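Colleague: I should like to go through this structure with you step by step. May we look at it together?

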Amino acid sequence: MRETAPFDQPPAFGFRDGDTPVENRPMKARRAVIFDLDGVLTDTAELHYLSWQDVATDLRVPYDRAVNEGLRGLSREESLRIVLGDRWGEFDPARRADIMRVKNDRYLARVAAMTPADAFDGIPALLDALRNAGAALAVASSSRNARAVLERIGLAAAFDAVVDGNDAPRSKPDPQVFTAAAAQLAVPAPRCVVVEDAAAGVQAARAAGMRVVGVGPAERVGGADLVVPTPASLRADVLLALLPVV
Ligand code: BG6
Ligand code: MG
């Protein structure tokens, strides 16, 4: 598992496809759909919530679903900053690392209980339909646990590329994770549509120059090109209709 990969290494996505740098490779004229993971393919947003709640209870800091909404798409470190709020300065870096380790241990214990039945309804069929339509498929997640979650829900082999918080340390709303996924797929940004449940993710996709479909309430993902209420509402033809015909 890549959870412990150091942040100071160069991102893994830079030099694939032999030794040809990404920027010098010809882009293939095809289309891609890039999925966020947590809250789009499966309900890990709830598991993150429960795990931060455990930590907040231990530390006696106020924490509820409203605070949790603001954590969607943010890195573990940025999430901790929001969870601790005014009390951030009370914890030195070693203690903060310890809190994040505890949160992650709680989260991974919950992930360990996941099965393929935890993929959201309709997602496996949607991925099949997109592949049959010739789309390249990627996951682009801020999480450093993305590959472990994909394994648990039986979707690890369903994607052409997976870029996570190990590969792209600048978390959403920075576009790095989406740009990296498109580079791995060798599909130019205007031919990519992103599926996101987080405001930070919608912002990141737009900054990457991609189309974006928001999953969830308009108050959260209203900045997207199209908003659907649930992952089960996603349709392959509707997603691909957002992209230029190739
Ligand atoms: C994002 C989630 O996908 O990953 C955030 O939306 C989470 O809630 C972030 O904080 C980092 O996840 P992890 O698994 O590396 O702690
Ligand atoms: Mg998400």
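The questions below concern the fold, two of its helices and the ligand shell.

Colleague: How many helices and strands does the chain have?
Modeller: This is a predicted model. Of the 246 residues of the chain, 44% count as buried. As for secondary structure, the chain has ten helices and six strands.

Colleague: In what order do the strands of the open sheet lie?
Modeller: Six strands form this sheet, and their pairing is parallel. The edges are β3 and β6 (226–228), each of which pairs on one side only. Neighbouring strands are turned against each other by 20° on average, direction ignored. The order is β3-β2-β1-β4-β5-β6.

Colleague: Which residue in β4 stands opposite Ile 34?
Modeller: Strands β1 and β4 run parallel and are joined by four bridges. Opposite Ile 34 stands Val 194.

Colleague: Is helix α7 mostly covered or mostly uncovered, and how many of its residues are buried?
Modeller: Helix α7 comprises residues 176–185. Its buried residues include Phe 178, Gln 184 and Leu 185. They pack against β1 (32–35), β2 (136–140), β3 (161–163), β4 (192–196) and α8 (199–207). The helix is mostly covered, with ten of its ten residues buried.

Colleague: What span should helix α1 have, and how far apart are its end C-alpha atoms?
Modeller: Helix α1 covers residues 44–59, which makes 16 residues. At 1.5 Å a residue the helix should span 22 Å, and this agrees with the distance between its end C-alpha atoms, 23 Å.

Colleague: Which helices are included in what covers the buried residues of α1?
Modeller: The buried residues of α1 include Leu 47, His 48, Ser 51, Trp 52 and Val 55. Residues three or four places apart in an α-helix point the same way, because there are 3.6 residues a turn. The cover over the buried residues of α1 includes α2 (65–69), α3 (76–84), α4 (93–111) and α6 (146–152).

Colleague: Which residue follows α1, and what is its phi?
Modeller: A residue with positive phi also follows α7, namely Ala 186, near 60°. After α1 comes Arg 60, whose phi is positive, near 55°.

Colleague: Which residues come nearest to ligand 1?
Modeller: The shell around ligand 1 divides into four nonpolar, ten polar and four charged residues. In total, 18 residues surround the ligand. Those that come nearest are Asp 38, Arg 76, Ser 143, Arg 144 and Asn 145.

Terms used
Residues numbered from 1 in each chain as written. Chains lettered and ligands numbered in written order. Predicted model: local features only at pLDDT ≥ 70, side-chain atom pairs only at ≥ 80, totals over all residues. Buried ≥ 20, exposed ≤ 12 C-beta atoms within 10 Å, placed from the backbone. Helix = DSSP H or I, 4+ residues; strand = E, 2+ residues; numbered from the N terminus. Contact = placed C-beta atoms within 7 Å. Near = placed C-beta within 6 Å. Nonpolar A, V, L, I, M, F, W, Y, C, P; charged D, E, K, R; others polar. Expected span 1.5 Å × (residues − 1). Pairing = 2+ DSSP bridges. Axes fitted to C-alpha atoms, helices over the stretch in contact; angles between N-to-C directions.
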